[in-house]
Amino acid sequence: MQKTMGHSTNRIRTFDLITSAMSIALVFVATMLLNIKLPITANGGLVHLGTGMLFIISILFGPKKGAIAGAFGMGLFDLLSGWTLWAPISFVARGLQGFIVGKIAWSRGRSGNSLMLNLIATIISMPPMIAVYFIGEGFLYGNWIAPAASIPGDIVQNAIGLLVSIPVCMFLKKIPTFK
């Protein structure tokens, strides 16, 4: 006998799917619209607002949505913008980063409501993200020296993301929808 889901369960799943899809789109668009290629070696990286959007989504919606938005949003950007070799690396690095931010921001039942935990979450997520890119690029380049050129750009990109996301989240958390 087939189980049927209730109307409210269907609504929750539909809302969850829509929220995930919109989060992916927001990360993708924020990455695509404003990105600056850094003049650090051939592939010194990009500075873009996608990191800030990833932080915002992770803080507002938690680790699952943060991981999905980061992995698919930035992976899709890489696939469609000429950074195709980096797509698998971005998928892992940004998925992990979104998960870490959301997990810490939503720890202890806080649901992203603690300014201090949100700040700690974004800072703690940076070294693993940088490490995944470093290791991935090490395999791409066939050496462990060339990927070091991307580290300053990764740090700048994360710092800008933090500076954008924390004030935006503070503002959004005042709106009843996001409390």
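Which strand and helices are included in what covers the buried residues of H6? In this predicted model, the cover includes strand S2 (46-48), helix H2 (50-61), helix H4 (87-105) and helix H5 (115-141). The points below take up helix H6, then a nonpolar patch on the surface to which H6 gives the most, and finally isoleucine 56 of helix H2.

**Helix H6**
- Helix H6 runs over residues 151-172, and its 22 residues reach 31 Å from the first C-alpha to the last, which is close to the 32 Å expected at 1.5 Å a residue.
- The buried residues of H6 are Gly153, Asp154, Gln157, Asn158, Gly161, Leu162, Ser165, Ile166, Cys169 and Leu172.
- An α-helix has 3.6 residues a turn, so residues three or four places apart point the same way.

**The nonpolar surface patch**
- A patch of about 700 Å² on the surface is made by the nonpolar residues Val29, Leu33, Leu34, Ile36, Leu49, Val156, Ile160, Val164 and Val168.
- Two or more residues of this nonpolar patch come from each of helix H1 (7-33) and H6, with H6 giving the most, namely four residues.
- Ile36, one of the patch residues, lies in strand S1, which spans residues 35-37.

**Isoleucine 56 in helix H2**
- Isoleucine 56 is found in helix H2, and it counts as buried because its relative accessibility is 9%, under the 20% cut-off.
- Leaving aside residues up to four places away in sequence, isoleucine 56 touches Ser165, Val168, Cys169 and Leu172.
- Between isoleucine 56 and isoleucine 151 there are 22 Å in space, C-alpha to C-alpha, and the two are 95 residues apart in sequence.

Methods
Residues numbered from 1 in each chain as written. Predicted model: local features only at pLDDT ≥ 70, side-chain atom pairs only at ≥ 80, totals over all residues. Heavy atoms only, no water. Expected span 1.5 Å × (residues − 1). Buried < 20%, exposed > 50% of the residue type's maximum accessible area, 1.4 Å probe, protein only. Contact = heavy atoms within 4.5 Å. Patch = residues over 30% accessible without salt bridge, like charges linked within 9 Å, V, L, I, M, F, W, Y side chains within 5 Å. Areas by Shrake-Rupley, 256 points an atom, 1.4 Å probe, with all protein chains shown as cover. Salt bridge = Lys/Arg side-chain N within 4 Å of Asp/Glu carboxyl O.
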